[in-house]
Amino acid sequence: MIKTKLLTTIEIQELKDRFSTPLKVVIIPHKNPDGDAIGSCLALYHYLKQYQCEATVIAPNDFPDFLRWMPGANEILIHERQRDQATQCIKSAEIVFTLDFNSLSRINGVAETLEYFNGDYVMIDHHQAPDSYAKYTYSDTAMSSTCEMVYHFIQMMDDNQKITKDIANCLYTGIMTDTGSFRFPSTTSKTHRVVADLIDKGADNSTIHNAIYDTSSLDKLQLLGCALKNLVLLPEYNTVYITLSKQELAQHNFKKGDTEGFVNYGLSLKGIKFAVIFIESQQEDIVKISLRSKGDFSVNDFARLHFSGGGHTNAAGGRSTVSLEDTVKKFTDLLPDYKVQLQ
Ligand code: 5GP
Ligand code: MN
């Protein structure tokens, strides 16, 4: 079900007035930020700097190397490593933007630091079931990406001319990564119009594609080989799953972001409706789970119900606190209940 909460004209005017007087702003993406999370935060950061805003992006933890080229990426504070500096910024902030997530449970320790924050939240997000912590909520589950929403937000603010080449590059990146390069069903003709305008405004589309997808290390490619060897096909449920153990990650010198997109290989098999990857965490005692589907089968519901997660109908994440083996057993034991939905 598509749910939309737009900003009112009065809210837009209020924000514009506040941006036009000296204002301290913090911008926060979700933990394990991806292209859409970092792209939307940096685009907003470059946009707000054109007003009287002192803006800081604070990410809960580090982001993958393939996003490091993005304009402004070096100025992002990592809460996990730079807690004191991040806390100072949050304490003095008047507005906190939360981008590409809709529940404060998605930002790890940043949520505790935010107990010092006394100002107003602005949420811009396209995930389902938003919490109600924000004074200003722009939520639209039909949108391809938070980056597409930041583009529309800038238009609502009547600031089309403020979209610089840097902003265009950031927004293009997030739309491209969240749509699987413009192929997921969330990609609309409107998405393509936004992307066309971003290219007109200077987005280096081909260079960005190269920077994100064609900068793999040999270790990463061989880890993909390992993941594909581990793939298990369950034809009676049109389902596949992949596992990666801590040992397998270590053997391939795993770096953050190396497993990005692996789960989609499962979905590329003919007739498959449900693909899952289980990755044993090297830092925490958990198994990180990524779930993808085609059609009506909601991995958002499945992840929420069984694996403390959520996301979108066709792409969600979750976690499990039991062993990799037990997690897979829990998963396969659940499938008979979904047999009809997965036909
Ligand atoms: P990924 O599998 O790439 O980590 O995440 C897929 C989608 O689900 C992304 O949009 C991501 O933001 C969302 N997601 C991932 N993990 C969680 C989670 O634990 N809770 C919720 N609500 N969403 C998640
Ligand atoms: Mn997103």
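Mentor: Two strands count as paired if DSSP finds at least two bridges between them, and with that idea in hand we can begin reading this model, which is a predicted one.

Trainee: How many bridges join strand 2 to strand 3, and do the two run parallel or antiparallel?

Mentor: Strand 2, residues 23-29, is joined to strand 3 by 5 bridges, and the two strands run parallel. To place yourself within this pairing, look for V26, which stands opposite T56 in strand 3.

Trainee: Is strand 3 mostly covered or mostly uncovered?

Mentor: A residue is called buried when its relative accessible area is under 20%. In strand 3, which spans residues 53-59, 6 of the 7 residues are buried, so that the strand is mostly covered.

Trainee: Which residues coordinate the manganese ion (ligand 2)?

Mentor: To read a metal site, one looks for the N, O and S atoms within 2.8 Å of the metal. Here the manganese ion (ligand 2) is coordinated by D36 (OD), D100 (OD), H126 (NE2) and D178 (OD), at 2.1 to 2.3 Å. Along the chain, these donors follow the spacing D-x63-D-x25-H-x51-D. One pair among them links distant parts of the chain, since D36 belongs to helix 2 (residues 35-48) and D178 to helix 6 (residues 165-178), 142 residues apart.

Trainee: Why do D36 and D178 count as buried?

Mentor: The same cut-off of under 20% applies: D36 has a relative accessible area of 0%, so it is buried, and D178 also counts as buried because its relative accessibility is 19%.

Trainee: How are helix 5 and helix 6 oriented to each other?

Mentor: For helices, one reads the angle at which the axes cross, and angles over 145 degrees count as roughly antiparallel, whereas 65 to 115 count as roughly perpendicular. The axes of helix 5 (residues 146-156) and helix 6 come within 7 Å and cross at roughly 140°, and the two helices are therefore oblique to each other. Their contact is made by C147, E148, V150, Y151 and I154 of helix 5, together with I167, C170, L171, G174 and I175 of helix 6. These residues divide into 8 nonpolar, 1 polar and 1 charged.

Trainee: Which residues make the contact of helix 5 with helix 7, and at what angle do the axes cross?

Mentor: The axes of helix 5 and helix 7 (residues 189-200) come within 11 Å and cross at roughly 70°, so these helices are roughly perpendicular to each other. E148, Y151, H152 and Q155 of helix 5 meet K190, T191, V194, D197 and L198 of helix 7, and the residues of this contact divide into 3 nonpolar, 3 polar and 3 charged.

How values were computed: Residues numbered from 1 in each chain as written. Chains lettered and ligands numbered in written order. Predicted model: local features only at pLDDT ≥ 70, side-chain atom pairs only at ≥ 80, totals over all residues. Heavy atoms only, no water. Donors = N, O, S within 2.8 Å, 3.2 Å for Na, K, Ca; no water. Helix = DSSP H or I, 4+ residues; strand = E, 2+ residues; numbered from the N terminus. Buried < 20%, exposed > 50% of the residue type's maximum accessible area, 1.4 Å probe, protein only. Axes fitted to C-alpha atoms, helices over the stretch in contact; angles between N-to-C directions. Parallel < 35°, antiparallel > 145°, perpendicular 65-115°, else oblique. Contact = heavy atoms within 4.5 Å. Nonpolar A, V, L, I, M, F, W, Y, C, P; charged D, E, K, R; others polar.
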